[in-house]
Amino acid sequence: MGHSATDLTETRILLYYCFTPIEDPTAVMLWQRALCEQLELKGRILISEHGINGTVGGSLASCKQYVRRTREFPGFKNMEFKWSQGGADDFPRLSVKVRDEIVSFGAPGELKVDENGVVGGGKHLKPEEVNKLVEERGDDVVFFDGRNAMEAEIGKFKNAVVPDVNTTHDFIKELESGKYDWMKDKPVISYCTGGIRCEVLSSLMKNRGFEEVYQIDGGIVRYGEKYGDSGLWEGSLYVFDRRMHMEFSSDAKVLGRCRSCQAETNDFHNCVNDQCREQILLCNDCAADTQKAHCGRPECAEIAEKLESAS
Ligand SMILES: [Zn+2]
Ligand SMILES: [Zn+2]
């Protein structure tokens with residue numbers, strides 16, 4: 001099979017996931033690793049007995065081959081791949097691993113999957129069905145943010161409930177806290193960046209007595225592609241690559257506020273304490289000021305003071 005010149009000179013990134021029973025995750029991991037090495041793809045792939053979740057980059061020709069070959073595995077036959085700009089250089093290496101979960105909620109024993117995907121998850125809504133549900137049910141509809149709380153600081157659905165979670169591991173404790181019991185008989189639309197987290201989250205919610213749970217097909221990304229900033233989404237989308245955030249149009253509202261001075265900003269920075277993993281919103285002025293560029297925890301504030309007086 002010949003390749004066109006563009007296939008070899010252009011590069012792409014593929015994003016994909018699929019929930020399907022995998023009998024032998026180790027065998028799939030070894031096959032995927034060999035395939036990526038052969039095609040010179042880099043990126044990160046997780047495989048569990050519940051499915052696969054990956055992001056890989058490389059030449060356009062390699063990406064096309066990868067999609068074709070990966071779909072040869074019966075469970076992945078109908079897997080959707082999202083194509084985006086980028087390439088192998090956007091990743092430090094190739095990592096293909098077997099894990100208990102492809103999205104880490106700390107509940108591997110609870111998730112059930114079959115050939116059709118997650119069993120007992122929320123009903124999938126297309127972007128236009130999201131708007132229709134809100135038109136029909138009005139203020140009764142609750143948007144429930146399935147991401148980490150910091151991601152929602154720069155963008156979320158209007159009036160969304162943002163749970164107090166630092167990682168997806170915090171969701172179960174949060175759902176069982178009683179804080180959200182008031183929405184158990186309401187229509188709840190869970191949402192996340194590309195939809196994968198809500199595949200799991202919506203099933204955890206239903207298992208805990210939330211009666212009418214929905215999830216958005218393709219997540220915020222697909223909703224934003226359809227409605228931009230003229231629908232029910234507001235602000236920027238936090239993304240897990242160098243860009244850190246993206247906007248669906250030039251009309252995007254700036255929801256983020258500088259941790260130090262409250263000025264409008266959508267830029268996350270690392271806390272000045274390099275032992276601290278927290279990312280914080282800072283305006284350019286405060287980010288450039290050592291004394292202000294900390295997350296607020298006492299030990300980080302102290303280190304900021306020390307660094308400032310040493311400079
Ligand atoms: Zn500031
Ligand atoms: Zn800190």
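Strand 3 is mostly covered, with seven of its nine residues buried, and this strand is a useful place to enter the structure, which is a predicted model. Strand 3 spans residues 51–59, and it belongs to an open sheet of five strands, arranged in the order 4-1-3-2-5 with mixed pairing. Reading along that order, the edges are formed by strand 4 (81–84) and strand 5 (94–98), each of which pairs on one side only. Within this sheet, neighbouring strands are turned against each other by 10 degrees on average, if direction is ignored.

The two partners of strand 3 can be taken in turn. Strand 1, which covers residues 11–19, pairs with strand 3 in the antiparallel sense over nine bridges, and within this pairing Y17 has N53 of strand 3 as its bridge partner. Strand 2 (42–48) also pairs with strand 3 in the antiparallel sense, here over seven bridges, and I45 stands opposite G54 in strand 3. Strand 2 and strand 3 together form a hairpin, with two residues between them. Strand 1 has a further antiparallel pairing, with strand 4, over four bridges, in which the bridge partner of Y16 is F81 in strand 4. Y16 and Y17 thus have their bridge partners in two strands, F81 in strand 4 and N53 in strand 3. In general, the side chains of a regular strand alternate between the two faces of the sheet.

Helix 3 comprises residues 60–70, and it too is mostly covered, since eight of its 11 residues count as buried, that is, under 20% relative accessible area. The buried residues are L60, A61, S62, C63, Q65, Y66, V67 and T70. Their covering includes helix 1 (5–9) and helix 2 (25–39), together with strand 1, strand 2, strand 3 and strand 4.

The domain assignment divides the protein chain into domain 1 (11–102), domain 2 (120–246) and domain 3 (268–309). The C-alpha centres of domain 1 and domain 2 lie 26 Å apart, and the contact between these two domains takes eight residues from domain 1 and nine residues from domain 2. Helix 7 (residues 196–207) lies across strand 1 and strand 3, and runs at about 15 degrees to strand 1.

Helix 7 also leads to another sheet, for it lies across strand 8, strand 9, strand 11 and strand 12, running at about 175 degrees to strand 12. These four strands form an open sheet in the order 8-12-11-9, with parallel pairing. At its edges are strand 8 (123–125) and strand 9 (142–145), each pairing on one side only, and neighbouring strands of this sheet are turned by 35 degrees against each other on average, direction ignored. Strand 8 is joined to strand 12 (residues 212–216) in the parallel sense over three bridges, and H124 stands opposite Q215 in strand 12. Helix 4 (residues 127–137) likewise lies across strand 8, strand 9, strand 11 (187–191) and strand 12, and runs at about 100 degrees to strand 8.

The zinc ions remain to be described. The zinc ion written as ligand 1 has as its protein donors the SG atoms of C258, C261, C283 and C286, lying 2.3 Å from it, and the site is tetrahedral, with angles of 101 to 116 degrees among its four donor atoms. Along the chain these donors follow the spacing C-x2-C-x21-C-x2-C. The pair C261 and C283 links distant parts of the chain, 22 residues apart: C261 lies in the loop between strand 15 (245–246) and strand 16 (268–270), whereas C283 lies in the loop between strand 17 (279–281) and helix 9 (284–287). C261 counts as partly exposed because its relative accessibility is 40%, while C283 is buried, with a relative accessible area of 10%.

The zinc ion written as ligand 2 is held by the SG atoms of C271, C276, C295 and C300 as its protein donors, at 2.3 to 2.4 Å. Its four donor atoms subtend angles of 103 to 116 degrees, and therefore the arrangement is tetrahedral. The donor residues are spaced C-x4-C-x18-C-x4-C in sequence. C271 lies in the loop between strand 16 and strand 17 and C300 lies in helix 10 (residues 298–310), so this pair ties together parts that are 29 residues apart in sequence. Both C271 and C300 are buried.

How values were computed
Residues numbered from 1 in each chain as written. Chains lettered and ligands numbered in written order. Predicted model: local features only at pLDDT ≥ 70, side-chain atom pairs only at ≥ 80, totals over all residues. Heavy atoms only, no water. Donors = N, O, S within 2.8 Å, 3.2 Å for Na, K, Ca; no water. Tetrahedral: all angles 85-135°; square planar, octahedral: opposite > 155°, others 65-115°. Buried < 20%, exposed > 50% of the residue type's maximum accessible area, 1.4 Å probe, protein only. Pairing = 2+ DSSP bridges. Axes fitted to C-alpha atoms, helices over the stretch in contact; angles between N-to-C directions. Contact = heavy atoms within 4.5 Å. Domains from an automatic or database assignment.
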